[in-house]
Amino acid sequence: MAASPKVRFLPTVFAGAALALAPLLLQAQPVRAQLSDPSSQVAPPEQTQELNELRPLNQASSNLSIASGQQLMQEATAAIASQNYAQAAEKLQAAREAFNQMSNFYQELSNMFLGVDSRLTQSNRGKALETAQLRDQATYQLALVYRAQNRADQAVPLLMEILRSQQPTRDLGQRAYQQLFELGFVDEPYGSGSASSTR
């Protein structure tokens, strides 16, 4: 007969403890839900954008970025407009070297992933071609600057470099050959409608 009060007392104690802990358990549920919900761990779009902006070689301030090389070419164009050919040549030479280095690196990466990952092979090959084209454009502009400075002997090797890269069948290659013709390095023009040196 003495045991029955204890039996009735224990459920009362547990019930009271459960009621006391209920608010704490309810507060903990959202935390557990957040931890188990994968979408809660994905960075918001603005944070992803900030992370991309922090990639240093995406910035124009990097010597190994396409944006940096294009900035140099724009500065060279402005220098040419003000007939500051020395500064233009300096900017174009820097752009040419940067694009050439990048093109070589991308080509190496493309070759490294050949037969390993076709996606990376194609991506880096595309970058290699893009930067090679930009290099040739900077080289052509530099050759024109040398011509404006009456430094034909320095323009010719650059024009030959463009022809090796572009071939005479492409527009930039045709323009490079036309420059060789106008400089007197070759005797025959290419094609019936030779490109004008003013282009």
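Analyst: A residue counts as buried under 20% relative accessible area, as exposed over 50%, and as partly exposed in between. The model shown here is predicted. By that scale aspartate 117 is partly exposed, with a relative accessible area of 24%.

User: Which residue forms a salt bridge with aspartate 117?

Analyst: A salt bridge needs a side-chain nitrogen of Lys or Arg within 4 Å of a carboxyl oxygen of Asp or Glu. In this case the residue is arginine 119, and the closest N and O atoms are 3.8 Å apart. Arginine 119 is exposed, at 59% relative accessible area, while aspartate 117 falls in the partly exposed class at 24%.

User: How many salt bridges does the structure hold?

Analyst: There are 6. Another one of them joins the side chains of aspartate 171 and arginine 175, at 3.2 Å from N to O.

User: Why are aspartate 171 and arginine 175 separated by about one helical turn?

Analyst: The reason is their spacing: they are 4 residues apart in helix H7, which covers residues 171-183, so about one helical turn separates them. As for exposure, aspartate 171 has a relative accessible area of 39% and is partly exposed. Arginine 175 counts as buried because its relative accessibility is 18%.

User: Is the pair of aspartate 136 and arginine 135 buried or exposed?

Analyst: Both residues are buried. Their side chains also meet in a salt bridge, with an N to O distance of 3.0 Å. The two residues appear again as Arg135 and Asp136 in the lining of the second largest pocket.

User: How should I read that pocket, and about how much space lies in it?

Analyst: Rolling a probe the size of a water molecule over the atoms shows where empty space is left. For the second largest pocket, that space is about 170 Å³. The elements giving two or more residues to its lining are H4, H5 and H6. Helix H5 gives the most, with 6 residues. Among the lining residues are Ser103, Asn104, Gln107, Ala128, Leu129, Ser165 and Arg170.

User: What is the make-up of the lining by class?

Analyst: The lining of the second largest pocket has 6 polar, 3 nonpolar and 3 charged residues. Arg135, Asp136 and Arg170 are in the lining, and Arg and Asp count as charged.

User: Where does serine 110 lie, and which residues is it in contact with beyond its sequence neighbours?

Analyst: Serine 110 lies in helix H4. Leaving aside neighbours within four places in sequence, it is in contact with Thr121, Asn124 and Arg125. Serine 110 is buried, since its relative accessible area is 1%.

User: Turning to the backbone, which residue in the loop between helix H3 and helix H4 should I look at?

Analyst: Look at glutamine 83, in the loop between helix H3 (66-81) and helix H4 (85-112). Its phi is positive, about 60°, although glutamine 83 is not a glycine. Glutamine 83 is exposed, with a relative accessible area of 60%.

User: What is the phi of asparagine 150, and where is that residue placed?

Analyst: Asparagine 150 has a phi near 60°, again a positive value in a residue other than glycine. Its place is the loop between helix H5 (118-148) and helix H6 (152-166). With a relative accessible area of 72%, asparagine 150 is exposed.

Key
Residues numbered from 1 in each chain as written. Predicted model: local features only at pLDDT ≥ 70, side-chain atom pairs only at ≥ 80, totals over all residues. Heavy atoms only, no water. Buried < 20%, exposed > 50% of the residue type's maximum accessible area, 1.4 Å probe, protein only. 1 Å grid on protein atoms, 1.4 Å probe; cavity = no way out; pocket = protein on both sides within 12 Å on 5 of 7 lines; lining within 4 Å. Points joined across faces, edges and corners; volume = space filled by probe spheres on them. Contact = heavy atoms within 4.5 Å.
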